[in-house]
Amino acid sequence: MSLTPRLARIAFGRNCPSTLHISRPFTRQPLRLATFINPALTHRRPLHDSPTSSTKPTNPDPRENPAHDLAPHADVNVGQSRLADFDLKGRVFVVTGAARGLGLALAESLVEAGGKVYCLDREDQPDKHWAEASKRVMPEWGGSMHYRQQDVLDTTNLDRTIAEIADANRRLDGVIAAAGVQQIMPALDYGPADATRVMSINFTGALMTATAAARQMIKYKCHGSICLIASMSGCVANKGLLSSVYNSSKAALIQLSRNLAMEWSPIKPDGTGGIRVNCISPGHIMTPMVAQNFRDVPGLRVKWESENMMGRLAETTEFKGAALFLLSNASSFMTGANLVMDGGHTSW
C-alpha cells in the first residue's frame, strides 16, 4: 500500500489533528506541520492586508439582491408623458468641477430636465460662464442651479458639504464627478509631488466624491446614479501630448466605476443600494484647459483634429445628452459601463 492514500486519509479526515502522526515503520516521531514553515517568513507583512484580520468584505451577490426596483414599473407614465424617462423634477444632484467648462455644461443638462443641481468647485466664485448659465435657467421647468465653493482635495469638508446638501433636501439622486487637472510633462521629469497632485485630484477626488454621495444615498435609501468623467485618454495615449499621469488617472477612473458598480448596484434587503455607477469618456473638447494646451504646444490643434473621424474638436454642450441619459431613468439597466464619445478617435 502506498503512503499517499494513507496520508490523505489522516490529513484530510473530518477531525484533522494539529500534529500529524505516521505509524511505524516510517517513523516513531510526530511530524509537525511547523517543520514546513520557514521562520524567516513569519514576520513578513501578509500579501493581502485590510483593516480587519477576520472576515474579509466581499461584493453582494446580485442574485440574492437583484435591483428590481430600478426597472420601470407599470405606474410610470411611459408613453403618456413626453420623455418621461428623462424627467428629473424633484431630484437633487451634485456636480463637481462645475464652475465652468464641461462640468458646467453637464450641470445645465440636469437643470434643463428639472433637477435641482449643486455646482461644486474650488473657486471662491464661479466665472462669468456660470453666471450666464444661471440666467438661462427656466424656473417653470422645475430646475434650479446653486453654487458651493468646495475643493475635492479637502475631503473632510467635501463629505460635509455633500451631507449638508442631502440633509437639506432629504435626498440625493445623482452625482457627476467632473473635477480634474492636466499636467503636460515628459515622464522622466515627473517627481512624486507632481504625480501625487494629479492623481489626488483626478482619481482620489472622484473616489471621495462618489463615496460621500453613496453614503447619503444609502442614508436616504435613494437608488441614485453616479457618473465619473474619465476620458478616451484612459484607453489610448494622446498623440502629440505628453501627459502620462493624466492618462493613467483617467484609466483608473474607468476601472473604479466598474468596482463601485459591483459594490453598490444590488439592492439589499433593507432597501439600500441600487446605486448605478458609470463613466463618460470624452474625446478632445474645446475647454479652457485644452485651449491652454494649444497655446503651450504649437500645432497640437491641427494634430488632434486630424486624428478623429469628424475632423474637429467637440464642444462641451455635446455631452449634455449623455449626462442626462446616465443620471435619469433612461439608463436604468446600465451600470459599470464606459460611454466613449470621441468623434471616432479610438475607432481607427
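At what angle do helix α5 and helix α6 pack? Keep that question in mind. A quick word first: this is a predicted model.

Now the two helices. Helix α5 covers residues 192–219, and helix α6 covers residues 244–264. They pack at an angle of about 20 degrees. Their axes lie 9 Å apart. Angles under 35 degrees count as roughly parallel, so α5 is roughly parallel to α6. The crossing of the two, α5 and α6, is right-handed.

Which residues of α5 and α6 meet? On the α5 side, they include A195, V198, M199, N202 and F203. On the α6 side, they include V245, Y246, S249, A252 and W264. Sort the α5 and α6 contact by class, and you get 15 nonpolar residues, three polar and no charged.

Next, the sheet. It is open and has seven strands. Read across it: β5-β4-β3-β6-β7-β8-β9. The pairing is parallel. At the edges sit β5, residues 144–149, and β9, residues 338–341. Each of these edge strands pairs on one side only. From one strand to the next, the twist averages 20 degrees.

Zoom in on one pair. Strand β4, residues 116–121, runs parallel to β5, and six bridges join them. Find K116, and you will see S144 of β5 opposite.

Now put helices and sheet together. Helix α5 packs on the sheet and touches β3, β6 and β7. The direction of α5 makes about 175 degrees with that of β6. Helix α6 also packs on the sheet, touching β7, β8 and β9. The direction of α6 makes about 160 degrees with that of β8.

How values were computed. Residues numbered from 1 in each chain as written. Predicted model: local features only at pLDDT ≥ 70, side-chain atom pairs only at ≥ 80, totals over all residues. Heavy atoms only, no water. Axes fitted to C-alpha atoms, helices over the stretch in contact; angles between N-to-C directions. Helix = DSSP H or I, 4+ residues; strand = E, 2+ residues; numbered from the N terminus. Parallel < 35°, antiparallel > 145°, perpendicular 65-115°, else oblique. Left-handed = near helix turned anticlockwise from the far one by under 90°. Contact = heavy atoms within 4.5 Å. Nonpolar A, V, L, I, M, F, W, Y, C, P; charged D, E, K, R; others polar. Pairing = 2+ DSSP bridges.
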